[in-house]
Each structure stands twice: as C-alpha cells, then as structure tokens.
Protein chains: 2
Amino acid sequence: MDIKSPLSVSQPTVRRLPLYLRILKQAEDAGKENISSTYIAKELKLESIQVRKDLASMGITGQPGIGFTVKSLIRAIEHFLGWDNPTDAFVVGAGNLGAALAGYEGFGEYNLNIIAAFDIDPAKVGSEISGKKVFHIAKLAEHIQRMHIKIAILTLPSAAAQQITNIMVEAGIKAIWNFTSLKLNVPEDVFVERIDLAASLAVLSNKISIDSEKVSK
Amino acid sequence: MDIKSPLSVSQPTVRRLPLYLRILKQAEDAGKENISSTYIAKELKLESIQVRKDLASMGITGQPGIGFTVKSLIRAIEHFLGWDNPTDAFVVGAGNLGAALAGYEGFGEYNLNIIAAFDIDPAKVGSEISGKKVFHIAKLAEHIQRMHIKIAILTLPSAAAQQITNIMVEAGIKAIWNFTSLKLNVPEDVFVERIDLAASLAVLSNKISIDSEKVSK
C-alpha cells in the first residue's frame, strides 16, 4: 500500500487509528485474511463511512466485496504512526505517576521504549522505578542530546514543569506528553499532547455531585 | 457565596476549575486575601474574560477593584466539584496502570479515596497494590452495593471492559473513569470519562514521524 504523508491526516483520524489496529490484530489472531469497514465500524460502534473516510485520508482504499487485507492494513497503520520502528522516550518526574508510566507494559505494543527516568529527589536518583534507572534531572539535557531522544513524558509537579520544558526543548525534545496540569509554552515545532487527570476527575466528580443533588431534591 | 446548580455549567468550564483551584491555593499559601481574574488568567495563559465568564456561570462574581476573596473562591469551587467531601472509588484492573492510579497521591488533593482494587488474576487477588487490597472481580458487585461506591476507575484489558461495566452499572456505579481503549455502552444516567493513552500516544508518534519525514526530504 502506498500511503499518504502524515501531514494530510486530521488529528481525530489519527486518534482512531489505534482502535482500528486493535480490531485488526484481533482479526489477525483469529486467522482472518480480509476485513470490511463495516465489521471494523460495528466492533467500535462507529459509522462505516467514518472508517472508510479515515483510511481513505491515509490513501488506503478497500476492494469492493472483499474489503481490506488484514496484514497489510496493520502494516500500513503501524508505519503511518511510526510504530513499526522503536521510539525511545524519557520519563521526567519519578513520582507515582512517572513510575506507573515507566512500567506500563502497554507501551511496548506501540514500540515506545521508556529507557530512563529523571528526578530531583536525592532519595530517588540512582534507584530504579519499574526497572528504569532514575538519573538526576541536572543530567537531562546531556542525556537527551547524547541519545537523540525526541519524546518526553512529563510527570513533574506543575511548579517545575515550564522550566524543565525549556531545558528539554533546548536539548532537542520534539514531543512532550504532558501529564502536569500546566499549559506549556513551547516553540511551534514542538508538539505537546496533554493528559489532565485533574480536569478529567473534575468532570466525573461534578457529575456525581449533580446526581446527589437530584436525589436530595 | 451562593453558587448555581452544577447542571448549568459547561464541561469545558468544569475542566478549567482545577486550574483555577491550583492558582488560588498558591495565592492562599502566599498569604494573599484577594485575587483578580486578570491575575488568574495571566498565570494560566488564558483570557481574563474567560475566567470571569467561567466563574459567573457558577454564580460567582468578583468585586470591582478588589476581585475575588481567595478563601471563599476556593471553598465555592471545591464545593461545586464535590471535592469538599471525600468520594470513594474502586480501581478495577490491578495491572500496572491500576497500581499507578491506586497509589497516585495527587487524588488525595481532590478528596478522591481509592479504597480497593479488583482483578481476576489469582496471583494478585489477596495481595496489595500501592497499599490497597486487591479483591477478586467476582466480589465487585457485592462491594459496590455494600459500600455505596459511585465511581470506578477502569483499567482492565479492553476485551473484558464491557462485560464488567455492565456488572458495575447494575450494582450502582454512576461514573466510570475509562482508561481502556473501548468505547463503553452505558445507560444515560451513567457518565463515562475516557482517557485513551493509545490515542494520545498515536498523535505524539505521528508528529515525530512527520518530523523525521521532513528531515529526510
């Protein structure tokens, strides 16, 4: 399959690709050779036109009456996402969340290797979290440069997040997975994807408090 | 302060409230008594009209030339989010991510108490993750009912997620923090907030692969 440049594909489409991959791999495990957009859509509770559009925007079209070849569609999506090559990343902040992410086996499936963690706490430096060595944050820039690391997973306290981000960007980081509650200032060529657990929890708690209000009325 | 019903406030506003709280608590720690929407906005790189609108939608307005009283604004937001009362939650799925979330001290700040975890793996049942006891998932419904648990943090493999969700909803769960990659089917009165790490990682990886493509051109 000759796929298009990643530049032309929308973010919502990119976000759905891991879902398609999951269904495709299940189909592969079950020995299926071909798969239809209707089947993928049904499994994911999406519209089949959505699936076809997403794949078409990557330059992939199925064959009428046959659909897509499972194996080549897996390869095409993985290649598109850069998941066919291992990517190395650092975890910055070796607290609970940092340790969790450092040890999260789920990332292996996406060829993301977390190779080390960084922290300022002397009690943590030199130790290991989830099997990854913890270095002092003063060594961060040097390690990013030496190992050509492009992805950082940021789990520091918000107060330190911007300062360390500046150092990382200066050293060559191009993508930051931001688990802090701070909106980071970065140059245009650096991409930040933010996961705000507190904001997410706010929506949940608020929903629960709406419910209790209803009950008490 | 007499605040409005949570029903009338939009989700984007609710998501920004934890950010306001963080700035307010920093101001409280620094001994500030009053705070302006301009100050809050500047700290968070937002527009001050946005901050005023968000607070106004909760029925909170500042005083011209003075702004907001730090302590009462903290109380009002915490009350609005239900964070002034402890909320108990279960972690369902005691893998790496489940353990991380079970031990995440950040939740204490929001009065979310994770009181137990559930898993199907006999090696995990009876043990502890991050200091929380792991029970067999067969006991989940019984524990939800007995302890009146309303929030579940779902970190199971996707394959088991819908089936266990059905059981939890039947037992009385009203809000699910969904860390699986499955879109869950739930009744209308159950709220699902999804954190899709794979989708988030897809966007990051894709960005990095765009960069390497540019370089190789």
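Select N178(B) to start, and in this predicted model you will find that residue standing opposite R194(B), which belongs to strand β9(B). Now widen the selection to the two strands around this pair: β8, residues 175-178 of chain B, is joined to β9(B) by four bridges, and the two strands run parallel.

From here, bring in the rest of the sheet, which is open and made of seven strands of chain B in the order β5-β6-β4-β3-β7-β8-β9, with mixed pairing. Its edges are β5 (128-129) and β9 (191-194) of chain B, each of which pairs on one side only.

Next, select residues 140-147 of chain B, which form helix α6; this helix packs on the sheet and touches β3 (87-92), β4 (112-119) and β6 (132-136) of chain B, while its direction makes about 180° with that of β3(B). Then move to residues 158-171 of chain B, where helix α7 also packs on the sheet, in this case touching β3, β7 (151-154) and β8 of chain B, with its direction at about 170° to that of β7(B).

Finally, show both chains together. A turn of 180°, with a shift of 0.0 Å along the axis, lays chain B on chain A with an RMSD of 0.0 Å, and this is the relation of a two-fold axis. Which residue of chain B comes closest to the rotation axis? Select A100(B), whose C-alpha lies at 2.4 Å from that axis. As you look at where the chains meet, bear in mind that the same surface serves both copies, since 100% of the contact residues of chain B recur in chain A.

How values were computed: Residues are numbered from 1 along each chain as its sequence is written. Chains are lettered from A and ligands numbered from 1 in the order in which they are written. This is a predicted model: local features need pLDDT of at least 70, side-chain atom pairs count only at pLDDT 80 or more; totals for chains, interfaces and linings use all residues. Side-chain values use heavy atoms; hydrogens and water are left out. Two strands pair if DSSP finds at least two bridges between them. Contact means heavy atoms within 4.5 Å. Axes are lines fitted to C-alpha atoms, for helices over the stretch in contact, and angles run from 0 to 180 degrees between N-to-C directions. Copies are superposed by least squares on the C-alpha atoms of residues with pLDDT of at least 70 in both.
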